[in-house]
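User: Got a minute to walk through this structure with me? I'd like short answers.

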Amino acid sequence: MRYDATALGYQFNSEGLEFILAASDIKDDVREADIFITGSFNDWRMSADSAWKMKKNVSKGETYFSLQKTVSNIDVPGNSGFPEFRFFMISPQGISFISYVRQVQNLFSENRVILKNDDEAEFFESIKFMPLTGKALSDFDQNCPACRAELANLRCVPGSRSLFRGYHPYRRTRPDSDLEDARFNCVAKAFSLYGIKSVITLSGMEMPSDFAEETFPEYLTHLKQQDNLMWLTLSYELIYYHSDSAEFSNHLQKICRFLLSHPGPTYIHCRVGGDRTGVVCAVLAALCGASWEAVAVDFERTYLSGIGDWRSRNLLRYSIHKMIGFDPASSKDLAHVMQSYFIREKILSAAEIGRLITKLNMPPKKKETDYFNFDEKHICAKRSAKI
């Protein structure tokens, strides 16, 4: 690859990969500071972890910081689908990210991206600007069924007919956006149209904020009285980087047992309905027979909601691969692999899996079949950018 190593922040060598940071490129005063690295490969921790502390070196009168790692140490994707990292320092003034004198290369949402070859570099060029621009309400035609679904990140989970995913019903996750009230209205409309009877929240029990002018919807109050609401707290790090943990499989078991014991249709969400919702829904979709391509496309579609963020299918692929011990993109029968994993980990029995699939495929009673369109079939001129 034809790049300046100090502008990239790393260089490959015979031992793997060396992170490198020239002191002359740093705006900050680092005389009393220790320099560390945080990234997807260490769960984005910002702490005085000696394993990620850079060594101070002097060569030909020039000071620079370096840290050697094997490729396997850092081969963990971030949101871009490639390993990402940032330099930070711990000084007497506290912890802060490094600021630079000159422009750096291969940035994705302020993170540096590690690319192994020219093919990866070419692909990165095609997606590196995707997360930078959010959408406004004027970018959606609210008379268009596809626009209405997209702005609330709303759709039916692949492989199912009565499991819906989408935006939080009342928390203003993007408070500076003029889309929030329209999103809430679309979620409320979906509850009415599809007769949603149960809700799974993956971002914990968060009550409305008076300061943010949030209101607990009446339709949720009704479901709460019937004990048809479930709150779980999942983290970004857990779902992507510790998907092979007992904690994650225990959460999956709780979700599945709730689905089996509570009436459908069911609505599942976190804050924007992307990360935690995306991974859990991908697992359930695969369990129900959806192909990897259908699962991956559904995962990436959160970008269309205009949140100004992007998640690559390679991040989901890493998570599921780690969880089941098999590359989902290479599977000819992903449902069998996922179902075998559920049985092996004692999440559900074969009989319970069968009942769950049957239940999730019971069609909801819809009042208006054309209010939402989940297939990106726009009838408006304001077509959202395709992935």
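Analyst: Sure. One term up front: helices and strands here are DSSP runs, numbered from the N terminus, with at least two residues for a strand. Also, this is a predicted model.

User: Fine. Where does Ile 95 lie?

Analyst: Ile 95 is in strand S7, residues 94–97.

User: Buried or exposed, or in between?

Analyst: Ile 95 is partly exposed, because its relative accessibility is 47%. It also belongs to a nonpolar surface patch of about 240 Å², made with Met 46 and Phe 97.

User: Switching to salt bridges. How many does the structure hold?

Analyst: The structure holds 22 salt bridges. One of them pairs Arg 155 with Asp 298, with the closest N and O atoms 2.7 Å apart.

User: What does that pair tie together?

Analyst: Arg 155 is in strand S10 (residues 155–156) and Asp 298 is in helix H10 (residues 292–300), so the bridge ties together parts 143 residues apart in sequence.

User: And are those two residues buried or exposed?

Analyst: Arg 155 is buried, at 2% relative accessible area. Asp 298 counts as buried too, at 6%.

User: Which residue does Glu 352 meet in a salt bridge?

Analyst: Arg 257, at 2.7 Å from N to O. Glu 352 is in helix H13 (residues 350–360) and Arg 257 in helix H8, 95 residues apart, so the pair links distant parts of the chain.

User: How covered are they?

Analyst: Glu 352 is buried, with a relative accessible area of 15%. Arg 257 is partly exposed, at 35%.

User: What about Asp 275 and Arg 311?

Analyst: Their side chains meet in a salt bridge, 2.6 Å from N to O. Asp 275 lies in helix H9 (residues 275–287), and Arg 311 sits in the loop between H10 and H11, so parts 36 residues apart in sequence are tied together. Asp 275 counts as buried at 15% relative accessibility, and Arg 311 counts as buried at 17%.

User: Which residues do shared partners join into one network?

Analyst: Arg 171, Glu 206, Glu 214 and Arg 271.

User: Back to H8. Why do you trust its length?

Analyst: H8 covers residues 246–261, which is 16 residues. At 1.5 Å a residue it should span 22 Å, and its end C-alpha atoms are 22 Å apart, so the two agree.

User: Which H8 residues are buried?

Analyst: Phe 248, Ser 249, His 251, Leu 252, Ile 255, Cys 256, Phe 258 and Leu 259. As background, an α-helix has 3.6 residues a turn, so residues three or four places apart point the same way.

User: Now holes. How many cavities of 30 Å³ or more?

Analyst: Four. The largest has a volume of about 60 Å³. Its lining includes His 168, Tyr 170, Phe 216, Trp 231 and His 269. Strands S12 (198–201) and S13 (229–231) each give two or more residues to that lining.

User: And the largest pocket, what is its volume?

Analyst: About 310 Å³. It is lined by 20 residues, and the closest to its centre are Val 104, Leu 107, Phe 108, Glu 110 and Asn 111.

User: Which strand gives the most to that lining?

Analyst: S6, with three residues. Strand S6 runs over 84–91. S8 (107–108) and S9 (111–113) also give two or more residues.

User: Last one. Where is Lys 332?

Analyst: In the loop between helix H11 (313–324) and helix H12 (334–344). Lys 332 counts as exposed, at 88% relative accessibility. Its C-alpha atom is 32 Å from that of Leu 232, 100 residues away along the chain.

Notes: Residues numbered from 1 in each chain as written. Predicted model: local features only at pLDDT ≥ 70, side-chain atom pairs only at ≥ 80, totals over all residues. Heavy atoms only, no water. Patch = residues over 30% accessible without salt bridge, like charges linked within 9 Å, V, L, I, M, F, W, Y side chains within 5 Å. Areas by Shrake-Rupley, 256 points an atom, 1.4 Å probe, with all protein chains shown as cover. Salt bridge = Lys/Arg side-chain N within 4 Å of Asp/Glu carboxyl O. Helix = DSSP H or I, 4+ residues; strand = E, 2+ residues; numbered from the N terminus. Buried < 20%, exposed > 50% of the residue type's maximum accessible area, 1.4 Å probe, protein only. Expected span 1.5 Å × (residues − 1). 1 Å grid on protein atoms, 1.4 Å probe; cavity = no way out; pocket = protein on both sides within 12 Å on 5 of 7 lines; lining within 4 Å. Points joined across faces, edges and corners; volume = space filled by probe spheres on them.
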